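User: Could you walk me through this structure feature by feature? I would like to learn how to read each one.

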Amino acid sequence: MRQFLIFDADDTLWENNIYFERAFEDFVAFLDHSSMNAREVRGVLDALEETNARIHGYGSLNFGRNLRQCYQLLAEREVREDDLRKVMGFAERILECPVEVIPGVPETLAELAQRHDLTLFTKGHPEEQKLKLDRSGLGGFFGHTAIVKEKDAAAYRKLVEERGIEPERTWMIGNSPKSDINPALEVGLNAVFVPHAHTWVLEKQDIRPGKGQLMVVDDFAQKVEGFRASILATDICTEVLKAARLGIYPESMIAPIPAELRQRYLLRAKAGARDRVRIVPELRRAIGFGRINLMEAPYAVDTDQHVIFCRNILIYFDKPTQRKVLEQLCQYLRPGGFLFLGHSETLTGFELPLQLVATTVFRRL
Ligand SMILES: C[S@@+](CC[C@H](N)C(=O)[O-])C[C@H]1O[C@@H](n2cnc3c(N)ncnc32)[C@H](O)[C@@H]1O
């Protein structure tokens, strides 16, 4: 199913905070304080940054201003214009750093962009963020880019409204609990947390569960697997689709499902209809439903399906129709993909690019 994927930029798609950390190290060396160590100096800078970010926002120029203020507060020697310029220079150099794209990012975005709507959602100085996006070479993967002053719940609400996004089908992907994960979960979006070893201290927070789902992955490329799989369930009959969407089944039908999967994906009513089970919402949400008449090609479906289950439907059709439907299904299967038929359905008499690999299971040649 097509999803809306919203990506954070700094420290999710490309390195960012390491350059700020390097600038800070240069600053501490230059300040050369007689009694304060780097951690203590950092504490003063963090406090200044927190206050100033509310007024001025983020970005390397604001960081330069914060370093200057920090120097004015802590310098143990006369504060000269030259020294202030030098301090600001540590931050200005960040702008000249090459954009270092995080490994796995371009391939992952290329794959995801084929199937989903990708949005870039970043905070900071608009020109600076645009420059980094240009230098990264990743701009072409995104259908939309939004640069805001602060990524808080209000900013997410605005994005959802402006883009006409359905929260249940939307994932925010990023490294910052404060700006990516917590506000997205708060407004009902799903979130993928990709921790980064050098996340800025002011972006760290405990993750607060919200309405949406939360996924945590070790690295960016791992995400592809999660979004690659999608399931489309179709039928000609809207009543059948309605029942399928509800996902309620009699207890008697679930016997063949392994216990572990039953525990994970089936819910039992607490009282009342105890002979019924319901598929958990996460799984129901992961399935798309659509009306398709198999006799009316082309079908509104991607043509590179890995697996098609078409069990106990061909039996209703005459031979010429069966041939046509099977020919169509072959067109929607990628080479090496599988077609599952019902037990009383065969391919006998048809010339099709399919090879029998197990009872009622065929592989597309
Ligand atoms: C016997 S059920 C099989 C359902 C399921 N595949 C299974 O094995 O349990 C047949 C289904 O085919 C659907 N069907 C009948 N004609 C169809 C068509 N031309 N296109 C798509 N679905 C059709 C019916 O609505 C019905 O839900």
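User: How are α3 and α4 oriented to each other, roughly parallel or roughly antiparallel?

Analyst: Happy to help, and please keep in mind that this is a predicted model. The general idea is to take the angle between the helix axes, where over 145 degrees counts as roughly antiparallel. Here the axes of α3 and α4 cross at roughly 155°, so α3 and α4 are roughly antiparallel to each other. The two axes come within 8 Å, and α3 passes α4 in a right-handed crossing.

User: Which residues of α3 and α4 meet?

Analyst: From α3 the list is S60, F63, G64, L67, R68 and Y71. On the α4 side we find L84, V87, M88, F90, A91, E92, I94 and L95. Sorted by class, this contact has 10 nonpolar, two polar and two charged residues.

User: And α1 with α4: at what angle do their axes cross?

Analyst: At roughly 165°, with the axes coming within 9 Å. This pair is therefore roughly antiparallel as well, by the reading we just used for the angle. The crossing of α1 past α4 is right-handed. Y19, F20, A23, D26, F27 and F30 of α1 make the contact, together with K86, V87, F90, A91, R93 and I94 of α4. That contact of α1 with α4 holds nine nonpolar and three charged residues, and no polar ones.

User: What about α2 and α3: where do these helices lie in the sequence, and at what angle do they cross?

Analyst: Helix α2 covers residues 38-56 and helix α3 covers residues 60-74. Their axes cross at roughly 135° and come within 9 Å. Because of that angle, α2 is oblique to α3. α2 passes α3 in a right-handed crossing. The α2 residues in the contact are V41, V44, L45, L48, E49, N52 and H56, while α3 supplies N62, R65, N66, Q69, C70, L73 and L74. By class, the contact of α2 with α3 divides into seven nonpolar, five polar and two charged residues.

User: Let's zoom out. Into which domains is the protein divided?

Analyst: When reading domain bounds, check whether a domain is one stretch of sequence or several. In this case domain 1 is written as 4-14 + 100-227, domain 2 as 17-96, domain 3 as 231-291 and domain 4 as 293-365. For a sense of scale, the C-alpha centres of domain 2 and domain 4 lie 66 Å apart.

User: Where does the ligand lie, and why do we say so?

Analyst: The trick is to ask which domains supply the surrounding residues. Domain 3 and domain 4 both give residues to the shell, so the ligand lies between them. In total, 13 residues surround the ligand, and the closest are I236, C237, L294, R311 and N312. The shell divides into eight nonpolar, three polar and two charged residues.

User: Finally, backbone geometry. Which residues does a cis peptide bond join?

Analyst: Omega is the angle to look at here. The cis peptide bond joins A297 and P298, with omega about -5°. P298 sits in the loop between β11 (287-291) and β12 (305-310).

User: What is the phi of D11, and where is this residue placed?

Analyst: D11 has a positive phi of about 65°, although it is not a glycine. Its place is in the loop between β1 (4-7) and α1 (17-31).

How values were computed. Residues are numbered from 1 along each chain as its sequence is written. This is a predicted model: local features need pLDDT of at least 70, side-chain atom pairs count only at pLDDT 80 or more; totals for chains, interfaces and linings use all residues. A residue is near a molecule or strand if its C-beta atom, placed from the backbone, lies within 6 Å of it. Ala, Val, Leu, Ile, Met, Phe, Trp, Tyr, Cys and Pro count as nonpolar, Asp, Glu, Lys and Arg as charged, and the others, Gly among them, as polar. Domain bounds come from an automatic or database domain assignment. Axes are lines fitted to C-alpha atoms, for helices over the stretch in contact, and angles run from 0 to 180 degrees between N-to-C directions. Helices (H or I, at least four residues) and strands (E, at least two) are DSSP runs, numbered from the N terminus. Angles under 35 degrees count as roughly parallel, over 145 as roughly antiparallel, 65 to 115 as roughly perpendicular and the rest as oblique. A crossing is left-handed if the near helix is turned anticlockwise from the far one by less than a right angle, and right-handed if clockwise. Two residues are in contact if their C-beta atoms, placed from the backbone, lie within 7 Å.
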